[in-house]
Amino acid sequence: MEKIISLCKRRGFVFQSSEIYGGVEALWDFGPLGVLLKNNIKQEFLKRFVQEKDNVVLIDGTVIMHPKVWETSGHLKNFIDPLVECKKCHGRFREDHLIKKRCPKCESAEFTPAKNFNLMFKTFLGPVEEESGTAFLRPETAQSMFTNFKQIQESMRLKVPFGIAQIGRSFRNEITTGNFIFRSREFDLAEIEYFVKPGEDDLAFNQWLDDWESFFIALGLKKEKLRRYEHPKKSLAHYSKRTVDIEYEFPWGFAELAGVANRTDFDLSQHAKASGQALDYTDPDSKKKYIPYVIEPTVGIERLMLALLVQAYEEIKGGRTTTTESVKEEEIVLRLDKKIAPIKAAVLPLVKNKPEVVKKAKEVYDLLKPHFSVQYDEAGSIGRRYRRQDEIGTVFCLTIDFDTLKDNAVTIRDRDTMQQERIYIPRLLEVIRQKLDN
Ligand code: GAP
């Protein structure tokens, strides 16, 4: 983990929030490459689960909702963790995270009795900080998909089964922090609420679980590093009939990556009751009304990003790319899937002191940048530049050399195989497109 954290900082993926003031625990800023990576992951989610599905639509709800939402959803009462305080050093911890039953800071075994701590962040609507104006930052995106259920179904003329998807900022005042971006206080959640006829929920659950897992594999996670955890009935969330976590083997062991829950008709029924608005569905054939059941696949984008980084990170002792400085140091290759790699191609003029070579390289850069995220780099030996690009997972390196001036072709080097090919510049865009699509 230390190596991944260091790479993320050194190469502009992730920084601690407000670091110049000492940082804030469990809050992270995403740098230029981190944003590209996160956006690519989100795009893949949208492509696979919205664009390519006939019956899933996307919404973008607000972070702050009517306070009644959280009362009705059960979050005010149930979205709690058991908090204990160490009597000696006054450190505060989640009781269920104290594996050794001793304080992780001072090793004392004496704690106060557990108190329930609500994880939702509070704020106030309007200029006066008074109880009646209390509002909450959403801890999950799901609720706006329930409160808008009827409007979306009617306005988009959707028939059950159908899904509503959302990616959005979510907030949790986590007590236990650590493990980098695995557990943050502010993160992007990607969720789908899939509405089905009661009785068809068990089958839909199993299909979504398979679909969800294959999405992570398609993004680059190894199947053998994933496993499923079936929540025992007694520890299910207040809304759930069945929940299965998909766990990934992080450097510290298996931990929850994502989940699929059967939320039954709990949320729609509760909101219908509390708001007095009908949140049911009329079957177009039988004309019977019912409240659909909901299958919910969910994943935190940052947590997924961490798993993908862990999976992609490879250190090659002694290095594989010769540098002119003949440095035999460790080389890092970030073998991110080409779909999500932040930079698709780097344009590298062999030398920077020959204006014709530099001019040609800039032409290649200008040709590609409207189509992909491309970097231009002319600093240091070519070997060094290959290493720099491999370390951030750049899929292809394109070298412009003296021959380019004669044959109008560049050398394209593949990050993973290091194979090199000469490509005629007028064909370059098409060739890269094909390689990225395959
Ligand atoms: N709507 C269901 C729901 O919110 P959850 O298991 O509480 O379920 C869903 O959270 C997913 O969000 C988790 O599987 C995990 O990927 C991610 N997640 C939860 N808490 C997180 C945190 N503090 N930081 C980053 N990701 C988190």
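Q: What makes a pair of helices "oblique"?
A: Angles under 35 degrees count as roughly parallel, over 145 as roughly antiparallel, 65 to 115 as roughly perpendicular, and the rest as oblique. A quick note on the source: this is a predicted model, where local features need pLDDT of at least 70 and side-chain atom pairs count only at pLDDT 80 or more, while totals for chains, interfaces and linings use all residues. Residues are numbered from 1 along each chain as its sequence is written, and side-chain values use heavy atoms, with hydrogens and water left out.

Q: Why are H10 and H13 called oblique to each other?
A: The axes of H10 (residues 355-368) and H13 (residues 425-437) cross at roughly 40° and come within 10 Å. That angle falls in none of the named ranges, so the two helices are oblique.

Q: Which residues meet where H10 and H13 touch?
A: Lys 360, Val 364, Leu 367 and Leu 368 of H10 meet Ile 425, Leu 428, Leu 429 and Ile 432 of H13, contact meaning heavy atoms within 4.5 Å. Sorted by class, that's 7 nonpolar, no polar and 1 charged residues.

Q: Why does Gln 389 count as buried?
A: Buried means under 20% relative accessible area (exposed is over 50%, partly exposed in between, with a 1.4 Å probe and protein chains only). Gln 389 has 1% relative accessibility, so it counts as buried. You'll find Gln 389 in helix H11.

Q: How do you know that the buried residues of H1 line one face?
A: In H1 (residues 2-10), Ile 4, Leu 7 and Cys 8 are buried. Seen down the axis of H1, they fall within an arc of 100°, so they line one face of the helix.

How values were computed: Axes are lines fitted to C-alpha atoms, for helices over the stretch in contact, and angles run from 0 to 180 degrees between N-to-C directions. Helices (H or I, at least four residues) and strands (E, at least two) are DSSP runs, numbered from the N terminus. Ala, Val, Leu, Ile, Met, Phe, Trp, Tyr, Cys and Pro count as nonpolar, Asp, Glu, Lys and Arg as charged, and the others, Gly among them, as polar. The arc is that of the directions from the helix axis to the C-beta atoms.
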